[in-house]
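Here are two short exercises to work through at your own pace. Have the sequence and the structure open beside you.

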Amino acid sequence: MKKADLHLHTNKSDGLLTPEELVFRASKQGLSAIAITDHDTVEGIPAGIEAGRKYGVNVIPGIEFNTNVDNGELHILGYYFDYSSKPVLDLLHRIKNARLDRIKSMVEKLREAGLDISFSQILSIAENDASLGRPHIARILVEKGYVSDFRQAFDRYIGVHCPAYVERYKLEPEKAVHVIKSGGGVPVLAHPGNLSDKGYLYRCIKAGIQGIEVYHSNHTYQQTAELLTLANKLHLIPTGGSDCHGDPDCYGELLLGQITVPYEVVIRLRETAFKNRGESFFNV
Ligand code: AMP
Ligand code: ZN
Ligand code: FE
Ligand code: FE
């Protein structure tokens, strides 16, 4: 059976692998399709698609927007959108600059707390022009021995309500859904199992999402079953993916390919994207 992992990060955001390395590993795992869904950036997509041609993997253009709701954050995935469209690129440009300023402010707060870290150290471990995020800071904190692991970095310093936390660019889920659709793409609610409040799921449905991520590394068996029932009832596409960031999970393996969906889901996404653009899937 042909399988797809539809939630993956590269070093163009907070992942560790280059798009080409990711696609190469996906081909070794026998995946037929993958989606590159970096946080707030599309910069890994062209290299990913090129590598896909080389290694025989269908690489789907994707994104993961980090949006804000009252009680925290909510992630919206987008698939098959026009990643060169002006509204998309304008928004991404604003978010990228805001992320740079935010990480600088967080580093400043850490320095005020007495930690010897600098913004140039963050840049030195990030890919050129990457969409910077808290995991980049976490890596430096671990490297310098201030914390033993990521969890401690988030619990002590950079998690919400922690001393060095600075808010991200404010983006409402509705805006993310709108920009994905305006680029002809399919918006999908990411890992709803992590939501602090079920009401947000209904808010996203009202906003116009066309799929929900039923299968995800953080979901329990029961959450997955409930989400699948909901997706079927509401005719939303049940997507899924590992959310691999390129680092090994607790068994020392990459998460890549550990959560997959049948290839039919890829076809449904593509078909829906064509419908969003008013084009026929069968005429291309
Ligand atoms: P940012 O977009 O900069 O706010 O960073 C959010 C990213 O940090 C998430 O997408 C996760 O990859 C990671 N993250 C958030 N909370 C934690 C945590 N408690 N432990 C490890 N990673 C986390
Ligand atoms: Zn991430
Ligand atoms: Fe996420
Ligand atoms: Fe993710």
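**Exercise 1: the iron site**

Along the chain, the donors of the iron ion (ligand 4) are spaced as H-x1-H-x54-E-x178-D. The model is predicted, with local features needing pLDDT of at least 70 and side-chain atom pairs pLDDT 80 or more, while totals for chains, interfaces and linings use all residues. Residues are numbered from 1 along each chain as its sequence is written, chains are lettered from A and ligands numbered from 1 in the order written, and side-chain values use heavy atoms, without hydrogens and water.

Task: Find which residues coordinate the iron ion (ligand 4).

Solution:
1. Look for donors, meaning N, O and S atoms within 2.8 Å of the metal (3.2 Å for Na, K and Ca); water is not among the atoms, so sites may look incomplete.
2. His7 (NE2), His9 (NE2), Glu64 (OE) and Asp243 (OD) coordinate the ion at 2.1 to 2.3 Å.
3. Then look beyond the donors: the zinc ion (ligand 2) and the iron ion (ligand 4) are 4.8 Å apart.
4. Both His7 and Asp243 are buried (under 20% relative accessible area, 1.4 Å probe, protein chains only).

**Exercise 2: strand S6**

Task: Work out why strand S6 (residues 211–216) is largely enclosed.

Solution:
1. Strands are DSSP runs (E, at least two residues), numbered from the N terminus.
2. In S6, 5 of the 6 residues are buried, so the rest of the structure largely encloses this strand.
3. Now check its partners: S6 runs parallel to strand S5 (residues 186–189), joined by 2 bridges, and parallel to S7, joined by 5 bridges.
4. For single pairs, Gly211 is the bridge partner of Val188, and Ile212 stands opposite Pro238 in S7.

Definitions and conventions: Buried means under 20% relative accessible area, exposed over 50%, partly exposed in between (1.4 Å probe, protein chains only). Helices (H or I, at least four residues) and strands (E, at least two) are DSSP runs, numbered from the N terminus. Two strands pair if DSSP finds at least two bridges between them.
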